[in-house]
Amino acid sequence: MQVPKRQSGMSMWSMLFVLGTMAFFLFLLFKMIPPYLGDFKVKSALESLGRQPDAGTMTMRDIQEAIRKRLEIDSADNFDLSNSLTVTAKGRNKVIRINYESVTPIALNISALLTFDHSIEVRGSE
């Protein structure tokens, strides 16, 4: 077995490239965490509304107000709920849907557009 005279491994430039790539993806991760945490609050507000027994009989305004109050408590009111919330009838049931976009600035004029879409189906009035 021959042992090379000189060990070969990562050079300084290779190590800098690897560290720079890791730093870039960590930076992106930390920029994307807040919108996802806000979306988690929106999703839990919608699920909370779905667990209410009278959710199927609520009007659009009542649904909007219930979700708005919940989002205010959770400090997740960074989007226009009136443009994002839709309620459609599906037979006897109602489908409550929140569809919104979140723009996260990354650097200079580069931004990330995140699209979130959640819906629940609640039992309508008999």
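Good morning. I begin with the place where two helices meet in this predicted model. From helix 1, the residues Lys 41, Val 42, Ser 44, Ala 45, Leu 46, Ser 48 and Leu 49 make contact with Ile 63, Ala 66, Ile 67, Arg 70 and Leu 71 of helix 2. Sorted by class, this contact comprises eight nonpolar, two polar and two charged residues.

How should such a pair be described? Two packed helices are characterised by the angle between their axes and by the distance between those axes. Here, the axes of helix 1 and helix 2, the latter covering residues 60-73, come within 9 Å and cross at roughly 135 degrees. Helix 1 and helix 2 are therefore oblique to each other. As for handedness, their crossing is right-handed.

I turn now to empty space. Rolling a probe the size of a water molecule over the atoms shows where such space remains. In this structure there is one cavity of 30 Å³ or more, and the largest cavity holds about 40 Å³ of space.

Which residues line the largest cavity? They are Pro 35, Gly 38, Asp 39, Asn 78, Tyr 100, Ser 102 and Phe 116. Two elements, helix 1 (12-51) and strand 2 (93-107), each give two or more residues to this lining. Helix 1 contributes the most, with three residues. By class, the lining of the largest cavity has three nonpolar, three polar and one charged residues.

To close, helix 1 appears in both parts of this talk: helix 1 meets helix 2, and helix 1 also helps to line the largest cavity. Thank you.

Note on methods: Residues numbered from 1 in each chain as written. Predicted model: local features only at pLDDT ≥ 70, side-chain atom pairs only at ≥ 80, totals over all residues. Heavy atoms only, no water. 1 Å grid on protein atoms, 1.4 Å probe; cavity = no way out; pocket = protein on both sides within 12 Å on 5 of 7 lines; lining within 4 Å. Points joined across faces, edges and corners; volume = space filled by probe spheres on them. Helix = DSSP H or I, 4+ residues; strand = E, 2+ residues; numbered from the N terminus. Nonpolar A, V, L, I, M, F, W, Y, C, P; charged D, E, K, R; others polar. Axes fitted to C-alpha atoms, helices over the stretch in contact; angles between N-to-C directions. Parallel < 35°, antiparallel > 145°, perpendicular 65-115°, else oblique. Left-handed = near helix turned anticlockwise from the far one by under 90°. Contact = heavy atoms within 4.5 Å.
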